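This briefing introduces a single protein chain to a reader who has not met it before. Please keep the sequence and the structure in view while reading.

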Amino acid sequence: MATIEECRTALDRLSDNMASAEGDVRTAAALDRSLSCRITDLDITFVGRLKGGRIEVLDTLLGPPPERAQIRLTMNGDDLVSMVNGELNFAKAWGSGRVKLEAGLRDLFRLRTLL
């Protein structure tokens, strides 16, 4: 089971990957939205913003977030680490229900380029 530190490192690595992306991926990452990433097996939520092509984690909370973010990810810690490491395909994990992504329809269309 991935630790809180490993999950935070994975989010930082994902942020670095998005910031260094080019073309359509960079355009899709240029949203300015509130963001939460719920790690179910650790019962924690990272909350922050997707801004300027980066993920800014502002806090780590025990349990679910008190407010609903504009973009919400839910998964277990091992799946987060595996996705960022390129070992788990997001589309397959999302299609099978292992990973949940919730956002407005317009944001979902933009984010599909990232995923």
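In which helix do Phe-90 and Trp-94 both lie, and how many residues apart are they? Both belong to helix H4, where four residues, or about one turn of the helix, separate them. The model is a predicted one, and the points below proceed from the chain as a whole to selected residues.

**Overall architecture**

- The chain contains five helices and five strands.
- In sequence order, these elements follow the pattern α-α-β-β-β-β-α-α-β-α.
- The chain is as compact as a globular protein of its length, because its radius of gyration of 13 Å is close to the 13 Å that the globule rule gives for 115 residues.
- Along the principal axes, the C-alpha atoms fill a box of roughly 35 × 30 × 25 Å.
- Of the contacts with a separation of 6 or more, 58% are between residues 24 or more positions apart.

**Surface and charge**

- Buried residues account for 41% of the 115 residues in the chain.
- The chain exposes about 6700 Å², and carbon and sulfur atoms supply 50% of this area.
- There are 16 positive and 17 negative charges, and the mean positions of the two groups are 8 Å apart.

**The aromatic pair in helix H4**

- The structure holds one aromatic pair.
- The pair counts as stacked because the planes of the Phe-90 and Trp-94 rings are at 20°, under the cut-off of 30 degrees; the ring centres are 6.1 Å apart.
- Phe-90 is buried, with a relative accessible area of 11%, whereas Trp-94 is partly exposed at 43%.

**Helix H3 and its surroundings**

- Helix H3 spans residues 77-84 and is mostly covered, with six of its eight residues buried.
- The buried residues of H3 are Gly-77, Asp-79, Leu-80, Ser-82, Met-83 and Val-84.
- These buried residues pack against two helices, H1 and H4, and against strand S1 (33-39) and strand S4 (71-75).
- Asp-79, which lies in helix H3, counts as buried because its relative accessible area is 5%, under the cut-off of 20%.
- Leaving out residues up to four places away in sequence, Asp-79 touches Leu-88 and Arg-98.

**Ala-2, ahead of helix H1**

- Ala-2 is located in the segment before helix H1 (4-19).
- Ala-2 is buried, with a relative accessible area of 5%.
- Apart from neighbours within four places in sequence, the residues in contact with Ala-2 are Cys-7, Leu-42, Gly-77, Asp-78 and Val-81.
- Ala-2 and Ala-19 are 17 residues apart in sequence, and their C-alpha atoms are 24 Å apart in space.

**Glu-87, between helices H3 and H4**

- Glu-87 occupies the loop between helix H3 (77-84) and helix H4 (90-96).
- Is Glu-87 buried or exposed? Glu-87 counts as exposed because its relative accessible area is 61%, over the cut-off of 50%.
- From C-alpha to C-alpha, Glu-87 and Asp-16 are 18 Å apart, with their positions 71 residues apart in sequence numbering.

Notes:
Residues are numbered from 1 along each chain as its sequence is written. This is a predicted model: local features need pLDDT of at least 70, side-chain atom pairs count only at pLDDT 80 or more; totals for chains, interfaces and linings use all residues. Side-chain values use heavy atoms; hydrogens and water are left out. The radius of gyration is taken over C-alpha atoms; the globule rule is 2.2 Å times the number of residues to the power 0.38. Buried means under 20% relative accessible area, exposed over 50%, partly exposed in between (1.4 Å probe, protein chains only). Contact means heavy atoms within 4.5 Å. Accessible areas come from the Shrake-Rupley method with a 1.4 Å probe; for residues, only the protein chains shown count as cover. Lys and Arg count as positive and Asp and Glu as negative; His and the chain ends are not counted. The place of a charge is taken as NZ of Lys, CZ of Arg, CG of Asp or CD of Glu. Rings of Phe, Tyr and Trp (its six-membered ring) pair if their centres lie within 6.5 Å; planes under 30 degrees apart count as stacked, over 60 as edge-to-face and the rest as tilted.
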